[in-house]
Amino acid sequence: MNRLTPWLLSVLALLMNSGPALADAFFRRPPTKVSIHNPSSTEGQRNRTTISVLVPDDAGAELERVVISQLTNLDSWDWGRKDPEVYLGDYGLRRRGEPGLAEATLSQSDDELSIRFDPPIQPGQQANVVFRGFNPDADIYQWTTEFIPAGNDPRPSDGPTLRLSIYRNNDYR
């Protein structure tokens with residue numbers, strides 16, 4: 001018993017000191033209502049691509065980052081050169097967002113876009129992230145989605161696939 005007591009005390013102290021490190025950030029109910037909007041669907045036109053994400057009321061965590069990965073395609077989507085604008089609430093075709101609420105990072109291969117919100121999106125809120133670029137060549141473009149909660153050692157959640165169609169410009173035939 002004398003040998004066991006110091007060991008139990010050290011294990012107990014270790015568990016008490018590492019409590020927050022053991023708690024991962026995760027969504028109890030991850031976002032699943034995600035959509036992509038592009039009011040201009042002809043190749044070569046300026047676009048105003050908007051990604052809308054609704055964080056459920058009972059998500060259990062704030063949304064810190066969204067990662068979208070473009071599925072195999074000949075052309076990469078043009079997200080523009082500036083960081084996106086963000087507005088909260090329902091999607092609106094002509095709504096303007098505020099700069100500085102999100103930072104977008106594109107991978108070197110141009111197929112993965114990471115959007116980090118600052119501050120994170122609260123449960124019950126819908127974030128609309130607006131990008132300004134140009135439509136690529138006519139084709140169907142698709143992306144997988146991944147949601148990362150705010151907090152220590154976050155566990156990502158996979159989301160639905162997003163899809164946009166771009167049509168050929170018939171004026172040049």
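**Exercise 1.** In this predicted model, find which residues threonine 145 is in contact with, leaving aside its neighbours within four places in sequence, and decide whether threonine 145 is buried or exposed.

*Solution.* Start by placing the residue: threonine 145 lies in strand β11, residues 139-149. Next, list the contacts, which are Val34, Val67, Ile68, Ser157, Asp158, Gly159, Pro160 and Leu162. Then look at the polar side-chain atoms: one of them lies 2.6 Å from the backbone oxygen of proline 160. Finally, take the relative accessible area, which is 3%. Buried means under 20%, so threonine 145 is buried.

**Exercise 2.** Now follow isoleucine 68: what does it touch, not counting residues up to four places away in sequence, and which elements give two or more residues to the largest nonpolar core?

*Solution.* Isoleucine 68 touches Ile51, Trp79, Asp111, Glu112, Leu113, Trp143, Thr144, Thr145 and Leu162. The largest nonpolar core has 28 residues, and Ile51, Leu63, Ile68, Trp79, Ile115, Phe117 and Trp143 touch the most other members. Two or more residues come from each of β1 (33-37), β3 (50-54), β4, β8, β9 (126-130), β11 and β13 (162-166). The most come from β8, with four residues.

**Exercise 3.** Which strands do bridges join to β8?

*Solution.* Take β4 (residues 63-70) to begin with: six bridges join it to β8 (residues 112-121), and the two run antiparallel. Here serine 69 has glutamate 112 as its bridge partner. Turn to β7 (residues 102-106), which is antiparallel to β8 and joined to it by five bridges; threonine 105 is partnered with serine 114. Last, check the hairpin of β7 and β8: five residues sit between the strands, and aspartate 110 takes a positive phi near 65 degrees.

Note on methods:
Residues numbered from 1 in each chain as written. Predicted model: local features only at pLDDT ≥ 70, side-chain atom pairs only at ≥ 80, totals over all residues. Heavy atoms only, no water. Pairing = 2+ DSSP bridges. Buried < 20%, exposed > 50% of the residue type's maximum accessible area, 1.4 Å probe, protein only. Polar contact = N/O pair within 3.5 Å; in protein donor to acceptor, adjacent residues only side chain to side chain. Contact = heavy atoms within 4.5 Å. Core = buried A, V, L, I, M, F, W, Y, C linked by side-chain atoms within 4.5 Å.
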